[in-house]
Amino acid sequence: MKVLKFGGTSVGSVNSMLNVKKIVEAIDDKVIVVVSALGGITDKLIKTSNMAASGDSGYEKEMKEIVNRHIEMVYTVIPAGEKRELLLDCVNELLSELKDIFQGIYLIRDLSPKTSSTIVSYGERLSSIIVATLIDGAQWFDSRLFIKTEKKHNKHILDSELTNRLVRETFREIPRVSLVPGFISSDKDTGEVTNLGRGGSDYTASIIAAALDADVLEIWTDVDGFMTADPRVISTAYPITELSYVEAMELCNFGAKVVYPPTIYPVCHKNIPILIKNTFNPDAPGTIVKQEADHSSKAIKGISSINDTCLITMTGLGMVGVIGVNYRIFKTLAENGISVFLVSQASSENSTSIGVRNEDAALACKVLDEEFAKEIEMGEISPMKAEGGLATVAIVGENMKHTPGIAGKLFGTLGRNGINVIACAQGASETNISFVVEGGSLRKTLNVIHDSFFLSEYQVLNLFICGIGTVGHSLIDQIHSQQERLKQERGLNLKIVGIANGHKAMFTRAGIDLTNYREELEEKGMPSSTQVLHDEIIGMNIFNSVFVDCTASEEIASLYKDFLGHNISVVAANKIAASSDYEIYAELKRIARHRGVKFLFETNVGAGLPVINTINDLINSGDKILKIEAVLSGTLNYIFNEISADVPLSQTIRNAKEQGYSEPDPRIDLSGTDVVRKLVILAREAGYCLNQEDVEKHLFIPDSFFEGSLDDFWRKIPSLDADFEARRKVLEREGKRWRFVARFEGGKGVVELVEVDRHHPFYELAGSNNIILLTTERYNEYPMLIQGYGAGASVTAAGVFADIMSIANI
Ligand SMILES: NC(=O)C1=CN([C@@H]2O[C@H](COP(=O)(O)OP(=O)(O)OC[C@H]3O[C@@H](n4cnc5c(N)ncnc54)[C@H](OP(=O)(O)O)[C@@H]3O)[C@@H](O)[C@H]2O)C=CC1
Ligand SMILES: N[C@@H](CC=O)C(=O)O
């Protein structure tokens with residue numbers, strides 16, 4: 001025998017009603033069907049009662065709507081004929097009783113709890129007779145006759161013993177289909193109508209299932225079962241196939257409103273499984289709740305949350321070692337009907353925090369301040385401190401028991417994403433870890449935990465790409481072409497959630513489709529500005545996020561500090577920050593370390609060559625960099641390799657720009673600034689404190705060429721062509737080549753144009769290549785040499801990509 005319960009949404013519309021009929025009639029076994037009121041009717045009954053009691057004649061309109069809803073339902077789901085007429089008689093009679101009760105309330109302006117209970121009972125009484133008529137051969141039973149309550153502490157509590165006996169007597173002979181109104185009951189002494197509380201229809205079904213030893217209790221609702229997290233917040237949440245009774249209890253007690261919490265106990269006691277099914281998607285497997293749920297699966301089964309938390313904290317040295325303080329706190333709160341859902345006490349006993357709903361906070365503080373008035377007056381305890389606008393999150397799962405590292409993983413993940421845990425609690429049962437965070441962090445918190453505990457086969461990195469020129473565009477292309485492979489083979493979901501250039505910016509949590517991102521940015525992007533980027537990226541408060549700077553902008557570099565401070569890693573092709581004032585460089589590194597995020601800029605020197613990582617590896621293993629000698633400018637090396645009798649200096653500069661080697665403003669390369677920046681960065685990474693102004697520069701283009709605008713520069717530069725050609729010829733005759741060399745030794749840096757002969761290691765350096773010679777304590781007689789492409793779109797983008805991958809750490 002099965003007990004099926006259909007909730008308000010399942011009997012709320014014509015289609016869902018017909019689904020209920022189909023589901024029940026398809027069952028071969030005997031079945032007891034418990035139904036709630038038509039969706040929304042209980043709320044409407046309460047609202048209409050309150051209106052009538054307050055003398056608002058608008059109650060009549062509400063009543064009319066209640067009447068119409070039921071009559072229309074009868075006309076649409078029950079075919080014309082004798083059955084419908086009989087049903088209409090019953091429905092009209094109930095509705096007319098209800099109308100009279102409302103009128104009475106309106107006249108005397110009084111609404112007693114007893115009348116309220118009577119009124120809400122009409123919802124289930126009406127819905128159940130409609131469904132009983134709809135389902136072929138169904139027999140209707142009045143649950144007020146066998147679900148009995150007694151009054152305790154001013155509340156109507158189920159009398160289990162009496163109810164069980166009456167249920168067994170009522171269903172001594174179980175018809176093929178029985179129809180029972182859920183939620184409603186009656187007082188065992190007075191016979192007055194009572195109820196089992198909002199959501200009580202689940203409980204009715206569970207009581208009947210347990211009393212009659214049903215094979216299964218099926219709860220038919222409007223979702224596919226218990227979900228791993230709130231699907232309105234977590235788009236990747238999915239139904240949980242199996243839960244133990246304890247796990248289900250933990251989840252539904254705390255946020256997940258799939259089942260009314262008291263429902264679990266009666267069936268758990270009898271070891272009857274609960275199957276949660278979706279009336280609107282009956283083919284979905286749903287969630288099965290039973291004694292022993294699958295232990296081989298993930299450590300946590302679900303995440304629940306309440307975005308309505310106020311933390312009340314009581315502190316004071318006067319609490320330390322004093323017996324009975326907690327007893328007084330909970331007694332006082334209980335006496336005032338305040339429910340506490342989280343308790344956290346320091347082992348020093350000098351502070352206790354309790355989580356209550358925001359609406360209860362003022363009263364809780366007041367009654368506790370009164371209870372501890374003496375201690376507060378003596379200064380032994382401080383007045384209660386209430387911190388509202390918080391959210392409580394719980395992770396639940398029986399597999400957490402005796403599994404080390406779950407709390408570590410949880411709090412580590414939260415910390416890395418800059419989520420501050422205000423209070424936490426874990427019971428010794430180890431099936432639930434609850435913690436409190438700022439309300440504004442709830443979405444990020446749920447995403448972070450869901451991603452790390454449920455989607456671990458797909459680690460997500462959320463990328464904001466700023467700058468889509470030579471490097472940025474190539475990077476996006478590379479990511480686009482590797483996205484699927486990384487997902488399948490490496491379990492990494494690289495999601496670009498923001499793209500910006502100097503004019504437009506676009507952001508989306510779901511990830512940008514990279515096929516036509518340029519057109520989309522142009523058409524749909526919002527105007528871009530440093531402030532917009534700052535506010536949008538921090539405002540999105542998205543987990544595992546990385547800001548990728550492919551601009552050469554000083555303003556964009558000035559954002560890193562705030563991004564790192566908000567736990568957003570930074571990957572920069574832009575050299576401005578790492579080569580700016582030493583204090584800024586050091587502070588950015590400090591913030592990144594402190595926040596547990598990364599500030600990476602490998603491509604700042606030698607594009608995709610592993611220069612900075614190599615220096616870091618040498619230093620970390622105890623080596624010391626004694627000397628750096630290098631050609632660090634791809635542009636300048638290209639120019640000095642390309643210049644010839646046919647290709648003058650000015651043309652080589654234009655060619656370097658076209659090849660994507662030079663800076664957005666090539667004067668940065670030609671003035672030696674780019675190389676100075678690189679040398680400063682290398683020296684700093686090698687452990688020296690060097691600033692750009694400390695580097696000695698011997699340039700080959702007069703300073704006057706860098707004055708004025710970029711257009712002025714392009715106009716003036718051909719005037720140097722003849723002189724350079726004359727000097728080049730002399731050099732050629734001598735069998736030498738120009739190399740722009742950067743040197744750092746003994747704390748001093750120099751950049752200069754050097755004429756090298758064929759014996760020099762830099763002589764053969766082709767194209768835009770870079771070369772770096774590192775003399776260290778270990779690599780002394782024979783320095784370490786790193787050589788290869790030192791500029792260009794694809795190699796630089798690949799270097800940025802490698803930095804991103806090292807954040808993913810896979
Ligand atoms: N090219 C190379 O070989 C290497 C380059 N780098 C570094 O990479 C960076 C990018 O170089 P590259 O791709 O060649 O430069 P590009 O000039 O080709 O591209 C720069 C991009 O940055 C955007 N941008 C500029 N200012 C802003 C701003 N304030 N806000 C948002 N976006 C902005 C530009 O947008 P818009 O077009 O709208 O102005 C453009 O999309 C530089 O810092 C460079 O030093 C590092 C190693 C090698
Ligand atoms: N403009 C730079 C590009 C790499 O940093 C260069 O020419 O080396």
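A polar contact here is a pair of N or O atoms within 3.5 Å; within protein, one must be able to donate a hydrogen and the other to accept it, and residues adjacent in sequence count only if both atoms are side-chain atoms. This is a predicted model, so local features need pLDDT (the predictor's confidence in each residue, from 0 to 100) of at least 70, side-chain atom pairs count only at pLDDT 80 or more, and totals for chains, interfaces and linings use all residues. Side-chain values use heavy atoms, leaving out hydrogens and water.

**View 1. Polar contacts of ligand 1.** T796 puts a polar side-chain atom 3.4 Å from an oxygen atom of ligand 1. From the backbone, an N or O atom of I468 sits 2.9 Å from a ligand oxygen, and a polar atom of G469 lies 3.2 Å from one. The protein covers 81% of the 900 Å² of accessible area (Shrake-Rupley, 1.4 Å probe) that ligand 1 has on its own.

**View 2. Strand β2 under cover.** In β2 (residues 31-35; strands are DSSP E runs of at least two, helices H or I runs of at least four, numbered from the N terminus), 5 of 5 residues are buried, meaning under 20% relative accessible area with a 1.4 Å probe, protein chains only. V31, V33 and V35 point one way, I32 and V34 the other.

**View 3. The neighbours of β2.** Strands pair if DSSP finds at least two bridges between them. β1 (residues 2-6) runs parallel to β2 over 5 bridges, with L4 bridged to V33. On to β6 (residues 177-181): this strand also pairs with β2 in the parallel sense, over 5 bridges, and I32 stands opposite S178.

Methods: Residues numbered from 1 in each chain as written. Chains lettered and ligands numbered in written order. Buried < 20%, exposed > 50% of the residue type's maximum accessible area, 1.4 Å probe, protein only.
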